[in-house]
Protein chains: 2
Amino acid sequence: MTNSTTIITSTHIAEICDEISIDFLMDETIRQLELALQHYDDNNVLVKKRDGYFYTSPVYGMIEWMPVYIQNQGIATKLVGYHPHNPDQKIATIQAVICELDIKTGRLLTLCEGNFATAIRTGAASAIASKYLSYPSSSVLGLIGCGAQAVTQLHAISRVRHIERVLIYDTDKNAQAEFLQKTSVFTRANVIDATLDEIEKESDIICTATSVSVGGGPVFEGYKTRRHVHVNGVGADFKGKFEIPHHLLEQSYVCPDFLPQALEEGECQQLVQDQIGDSLDIVVKSPNDYKRYQNGRTVFDSTGFALEDYVIMKIIKDLAKKFEKGLQVKLDDNFDLPKDPYYFLQRYKKVVI
Amino acid sequence: MTNSTTIITSTHIAEICDEISIDFLMDETIRQLELALQHYDDNNVLVKKRDGYFYTSPVYGMIEWMPVYIQNQGIATKLVGYHPHNPDQKIATIQAVICELDIKTGRLLTLCEGNFATAIRTGAASAIASKYLSYPSSSVLGLIGCGAQAVTQLHAISRVRHIERVLIYDTDKNAQAEFLQKTSVFTRANVIDATLDEIEKESDIICTATSVSVGGGPVFEGYKTRRHVHVNGVGADFKGKFEIPHHLLEQSYVCPDFLPQALEEGECQQLVQDQIGDSLDIVVKSPNDYKRYQNGRTVFDSTGFALEDYVIMKIIKDLAKKFEKGLQVKLDDNFDLPKDPYYFLQRYKKVVI
């Protein structure tokens with residue numbers, strides 16, 4: 001429908017996944033995000049550091065916007081909330097919508113449910129980092145934090161490394177037990193409850209995705225990790241919030257997703273600039289230059305990059321079009337009299353003054 | 001519906017206006033905006049200067065976001081585009097949506113069509129400024145620029161001053177002719193084609209609302225204005241874009257809507273800080289202190305204040321609720337398993353890996 005906005009809900013996304021399989025969606029997201037990173041050039045793709053509001057009343061929470069502009073292509077902004085007490089009310093911690101705007105007219109083209117999209121693209125980013133920086137025969141994955149993001153970390157990394165065993169840990173033992181139950185749907189790996197100590201000692205790849213409080217990190221000690229361990233640090237996304245021990249960062253090649261943001265909100269807060277390696281897009285552009293790091297300790301500092309949101313939004317939008325899913329809504333139906341905001345008065349009797 | 005998002009389109013707004021009359025809506029917006037300005041306190045209401053992307057390809061345009069946080073109440077952000085060539089395609093220059101987010105959970109509560117809302121609240125802001133700063137017996141209104149914003153400038157100002165004659169001018173003579181036709185719906189004043197010279201000499205209040213290009217201003221000469229003229233400068237909202245002659249600003253008491261933004265994007269760009277008067281909220285808080293300016297030249301520098309968007313969104317939202325208008329959409333229907341983004345896989349057969 002011309003001049004309409006496409007609204008894509010989780011129900012539409014479920015119907016799309018039913019057509020294509022969740023593996024296809026994850027593979028496609030990894031592939032497209034890799035392509036986008038290969039072509040990323042900060043002259044053509046303008047990502048703004050996210051900005052937002054943080055508050056402690058009426059609840060502890062944060063609402064942010066993450067805008068990205070792709071030259072001659074489009075603008076998207078994710079509106080995203082982080083409210084760690086949401087699960088008590090059966091609502092996901094991260095609540096997001098992705099808005100796509102038409103650079104030709106400024107119209108809202110797409111409103112895409114973003115909770116699922118965020119989980120998928122965060123998984124895909126870790127998969128790409130793991131593909132290029134982790135030990136090639138990695139088979140043991142440790143998950144610290146068993147919330148929504150851990151699900152897609154496991155799924156995504158399973159698509160690029162042959163994961164046989166998954167060691168899981170959460171301070172919330174219910175979350176840990178639930179995770180054990182639900183993973184059978186999307187992994188054939190052996191998922192096992194573990195201690196932090198076991199995760200450190202045995203994992204080839206570790207993902208941290210916790211709601212640790214500001215000043216509460218790190219979430220593991222890090223003295224016993226394998227010499228080739230790769231860590232995807234997913235949870236650090238706020239000033240003062242981090243998950244990885246400082247000494248482990250110092251021993252590792254640290255690759256941020258988006259440096260200006262990582263320095264303010266990511267694990268990179270703990271480092272000075274010359275302790276930080278190249279960003280993920282640089283690694284993706286010349287993967288051979290980074291192979292040597294696969295045998296040592298590496299860290300992917302994933303703060304969440306607006307380009308990732310654009311990529312997943314575009315994939316979901318294109319699939320919605322292909323399978324004729326999504327709701328078409330005319331937000332503004334005034335296309336005859338663009339200079340008259342009161343055009344509709346004519347249609348009604350009572351409004352005449 | 002619990003956990004749903006209310007989507008309010010122009011059709012819903014038209015239906016609401018049919019219930020209440022457009023005069024009621026304008027009066028209510030003026031009243032509520034005045035109240036919000038009276039209570040405005042930058043400790044409790046955090047308005048961020050708008051930020052965005054400006055580009056010249058594929059068309060000349062700009063997309064911005066305008067966020068506001070009201071302590072313990074809510075967060076809204078307007079996504080707004082300015083594309084002056086839109087009317088060639090029968091699309092309004094300003095395209096906007098207002099997103100309201102729940103500060104308790106981060107969920108998108110409301111998506112409100114913003115083209116009409118922007119026009120209404122911009123009119124209401126000028127009405128408030130005119131109420132406190134214009135000559136009390138003002139009866140001649142001059143409109144420079146006859147686009148969408150001029151419609152609500154005329155309507156809003158007619159609610160606070162007894163306007164008998166309206167002198168209109170646009171460089172686009174079609175726009176001017178159309179304006180003459182359509183105003184009969186919302187004003188009883190005598191609307192007359194005029195030259196810029198006539199507007200300057202005869203108007204008690206002038207509104208400038210043009211799409212003048214960067215560097216193209218001012219839009220009138222300003223040497224012949226009445227000694228008590230009040231000017232609402234509506235169009236300046238971009239670095240280098242302004243409408244009012246520098247010498248007229250220097251002779252006038254200049255009241256910005258939101259100083260930090262006005263200094264960067266408004267008429268205040270042309271001034272240094274000690275040439276600028278108090279902001280509109282200060283005027284509204286102690287109107288008696290500003291009565292003495294009503295007999296002299298005054299300027300309201302209206303760049304567009306995010307608090308205005310919050311007020312109009314809230315009014316429309318409450319009316320939509322009252323009259324049961326608006327579309328209820330469940331963006332995310334996962335309220336059982338907040339920690340499982342793949343919860344829906346269970347519902348479908350084919351997605352099982």
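**Exercise 1.** Which side chains meet in a salt bridge at 3.2 Å, N to O? Locate them in the predicted model, and classify their exposure.

*Solution.* Step 1. The partners are A:Asp197 and A:Lys201, whose side chains meet at 3.2 Å, N to O. This lies within the 4 Å that a salt bridge requires between a side-chain nitrogen of Lys or Arg and a carboxyl oxygen of Asp or Glu.

Step 2. Both residues belong to helix 6 (residues 196-202) of chain A. They stand four residues apart, about one turn of the helix.

Step 3. A residue is partly exposed when its relative accessible area lies between the limits of 20% and 50%. A:Asp197, at 31%, is therefore partly exposed, and A:Lys201, at 48%, is partly exposed as well.

**Exercise 2.** Determine where the salt bridge of B:Glu28 and B:Arg31 lies, and decide whether B:Glu28 is buried or exposed.

*Solution.* Step 1. The side chains of B:Glu28 and B:Arg31 meet at 3.0 Å, N to O.

Step 2. Helix 2 (residues 22-38) of chain B holds both partners, three residues apart, about one turn of the helix.

Step 3. Buried means under 20% relative accessible area. B:Glu28 has 15% relative accessibility, so it counts as buried. B:Arg31 has 44% and counts as partly exposed.

**Exercise 3.** Identify which parts of chain A are linked by the salt bridge between A:Glu15 and A:Lys325.

*Solution.* Step 1. The side chains of A:Glu15 and A:Lys325 form a salt bridge of 3.6 Å, N to O.

Step 2. A:Glu15 sits in helix 1 (residues 10-20) of chain A, while A:Lys325 sits in the loop between helix 10 (306-322) and strand 15 (327-329) of chain A. The two are 310 residues apart, and the pair thus links distant parts of the chain.

Step 3. A:Glu15 has a relative accessible area of 25% and is partly exposed.

Step 4. Over all chains, the count comes to 40 salt bridges.

**Exercise 4.** What relation holds between chain A and chain B?

*Solution.* Step 1. Chain A can be superposed on chain B with an RMSD of 0.0 Å by a turn of 180° and a shift of 0.0 Å along the axis.

Step 2. This is the relation of a two-fold axis.

Step 3. The residue of chain A that comes closest to the rotation axis is A:Trp65, at 4.5 Å (C-alpha).

Step 4. Both copies use the same surface: 100% of the contact residues of chain A recur in chain B.

Terms used: Residues are numbered from 1 along each chain as its sequence is written. Chains are lettered from A and ligands numbered from 1 in the order in which they are written. This is a predicted model: local features need pLDDT of at least 70, side-chain atom pairs count only at pLDDT 80 or more; totals for chains, interfaces and linings use all residues. Side-chain values use heavy atoms; hydrogens and water are left out. Buried means under 20% relative accessible area, exposed over 50%, partly exposed in between (1.4 Å probe, protein chains only). Copies are superposed by least squares on the C-alpha atoms of residues with pLDDT of at least 70 in both. Contact means heavy atoms within 4.5 Å.
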